[in-house]
Amino acid sequence: ICGMSRDDRRFAITDTLKTVSDPIKLLTNGTAQNTALEWLLEFDTYNICPDNPKFVQRYIMAVFYFSTGGGSWNECNAPSNFSDPINI
């Protein structure tokens, strides 16, 4: 993905996001920032690259989603199966 190894992509994304979010919140399990980071790295099927101009915007929207209880929304909730194109 992005022409780099999985570990290099994780490092590049985390390093970039440390300039956007408080690094402690970004790296603390359970925070909206960390949940958004892990979602971008592990579950987002778009597989955005850290040099994509919309990368930070995608992260910010994910933080918004997770910080407002997005998983319990009645509408516009995340799909139950990220690998099924019909659910996405």
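**Exercise 1. Determine how much surface the protein chain exposes and what share carbon and sulfur atoms supply.**

Solution. The protein chain exposes about 5,900 Å². Of this area, carbon and sulfur atoms supply 55%. These values refer to a predicted model. Turning from the surface to the interior, 28% of the 88 residues of the protein chain count as buried.

**Exercise 2. Describe the secondary structure of the protein chain and its order along the sequence.**

Solution. The protein chain contains four helices and zero strands. Read along the sequence, the pattern is α-α-α-α.

**Exercise 3. Decide whether the radius of gyration of the protein chain agrees or disagrees with that of a compact globule.**

Solution. For 88 residues, a compact globule would have a radius of gyration near 12 Å. The protein chain has 13 Å, so the value agrees. As for overall dimensions, the C-alpha atoms fill a box of roughly 35 × 30 × 20 Å along the principal axes. Among contacts between residues at least 6 apart in sequence, 47% join residues at least 24 apart.

**Exercise 4. Classify the one aromatic pair of the structure and state how accessible each partner is.**

Solution. The structure holds one aromatic pair. The ring centres of Tyr 65 and Phe 66 lie 5.0 Å apart, with the planes at 80°. Planes over 60 degrees apart count as edge-to-face, so the pair is edge-to-face. Tyr 65 counts as buried because its relative accessibility is 14%, under the 20% limit. Phe 66, at 27%, is partly exposed.

**Exercise 5. Count the charged side chains and locate the centres of the two sets relative to each other.**

Solution. The protein chain has 7 positive and 10 negative side chains. The centres of these two sets lie 3 Å apart.

Notes
Residues are numbered from 1 along each chain as its sequence is written. This is a predicted model: local features need pLDDT of at least 70, side-chain atom pairs count only at pLDDT 80 or more; totals for chains, interfaces and linings use all residues. Side-chain values use heavy atoms; hydrogens and water are left out. Rings of Phe, Tyr and Trp (its six-membered ring) pair if their centres lie within 6.5 Å; planes under 30 degrees apart count as stacked, over 60 as edge-to-face and the rest as tilted. Buried means under 20% relative accessible area, exposed over 50%, partly exposed in between (1.4 Å probe, protein chains only). Helices (H or I, at least four residues) and strands (E, at least two) are DSSP runs, numbered from the N terminus. The radius of gyration is taken over C-alpha atoms; the globule rule is 2.2 Å times the number of residues to the power 0.38. Contact means heavy atoms within 4.5 Å. Accessible areas come from the Shrake-Rupley method with a 1.4 Å probe; for residues, only the protein chains shown count as cover. Lys and Arg count as positive and Asp and Glu as negative; His and the chain ends are not counted. The place of a charge is taken as NZ of Lys, CZ of Arg, CG of Asp or CD of Glu.
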